[in-house]
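Open your viewer and get ready to select a few pieces one after another. We will take the tour step by step.

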Amino acid sequence: MAKRREVKEPEKGNWLDTYADMVTLLLCFFVLLYSASSVDETKWQYIYQSFTSSGTYINPFVMDEQPNNNATESNGNAEAPPNPESSGNNSEEIEGLPQNFNQLYSYLSTTVEESDLGQYITIQQTPTRIFIRFDNTILFDGNSAVLKEEGKQAMNKIMPGIRAVKEFIKSCSVSGHTAMAVSEVNDWDLSAARASSVVKYADYNKMVESNKFTVEGKACYSPIADNDTDEGRAQNRRVEMMIVRDDLDMTSQAVIDDILKYEYRLDGAPSDPYDENDKEKPDVDDSVVDQIIDNLESKYEGNGTGDGNDSGNAGPIFQKPTTGIPIDILTSAPESID
């Protein structure tokens, strides 16, 4: 007689294994979400920027602890580099910003005055450029090139206006200066490092295009006050920013003289082929003027109108006269020459 096959009862509780696996996976998932929500901000910024900039841009200020200063005052600690195209699109940001280079000086002066920064920042204007002088006490501690929070806030006040007209800016040169005094830090290193810190912060905030910046360290050899007094040395410790407009009217005598003064160190030496100027002031030799004009042609070539309102290529095309010297540089020829 054949044995009766025993019928195995279905195993009970196997579904618990599947359920436990699912719960474990869910637990791991939520733990992962929690860990991502509390990721180290500094490391996350480095990772984020490495992916978005292809390694060409790293925020130099991500290690700084800085408060959020709203959209108009980026502090170098944002999740991504500021977008120059979107900067100023907010109606609150646009209101009051300059629309062209001619309005920039007024904007900067008003902003400095209203922000009670007049004792730390000086604004000056010439026919071709704007000078911004920062007192060292608001930017850096003694013998330090680390930009202070007060310095960042001061720069945040003026950068929106400069950024608004950057299409009319040809260059932005920043120079660091120290005082002639005994110091444990080399003056050349300190002045250059301070200028570099200002440029890095302005560049991170996209004040102007990166290729328009230049940095100079001038140590203690360009004083503006007496180094024999504490007050004078305090004035000499400074950082100067020189913003050159791109839409120059090369038919203006004032523009030509300004370029000769600041770019060719020919202060008080106008061209004078007919020797009519003050004999006590040296004149610019005709051949030197010819070389300068050749340089200006290539340096400021463009199609601008010179009024700061042209959105096209800034800077007029200069047509050199047959003499090789611009007509407006020449003084009127005397009726008779002895």
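Are helices α6 and α7 roughly parallel, roughly perpendicular or oblique to each other? Keep in mind as you look that this is a predicted model.

**Stop 1: two helices**

Select residues 149-164 for helix α6 and residues 187-204 for helix α7. Two packed helices are described by the angle between their axes and the distance between the axes. Here the angle is about 50°, and the axes lie 11 Å apart. An angle from 35 to 65 degrees counts as oblique, so α6 and α7 are oblique to each other. Their crossing is right-handed.

Now show the side chains where they touch. On α6, pick K152, M155, N156 and M159; on α7, pick V198, Y201 and A202. Sorted by class, this contact has five nonpolar residues, one polar and one charged.

**Stop 2: a strand with two partners**

Next, select residues 129-135, which form strand β2. Six of its seven residues are buried, so you will find this strand mostly covered.

Add strand β1, residues 121-125. β1 and β2 run antiparallel, with five bridges between them. Follow the chain from one to the other and you pass through a hairpin of three residues. For one pair to click on, try Q125 and its bridge partner in β2, I130.

Finally, bring in strand β5, residues 238-245. It also pairs with β2 in antiparallel fashion, this time through seven bridges. Zoom in on F134 and you will see V239 of β5 standing opposite.

Notes
Residues numbered from 1 in each chain as written. Predicted model: local features only at pLDDT ≥ 70, side-chain atom pairs only at ≥ 80, totals over all residues. Heavy atoms only, no water. Buried < 20%, exposed > 50% of the residue type's maximum accessible area, 1.4 Å probe, protein only. Helix = DSSP H or I, 4+ residues; strand = E, 2+ residues; numbered from the N terminus. Pairing = 2+ DSSP bridges. Axes fitted to C-alpha atoms, helices over the stretch in contact; angles between N-to-C directions. Parallel < 35°, antiparallel > 145°, perpendicular 65-115°, else oblique. Left-handed = near helix turned anticlockwise from the far one by under 90°. Contact = heavy atoms within 4.5 Å. Nonpolar A, V, L, I, M, F, W, Y, C, P; charged D, E, K, R; others polar.
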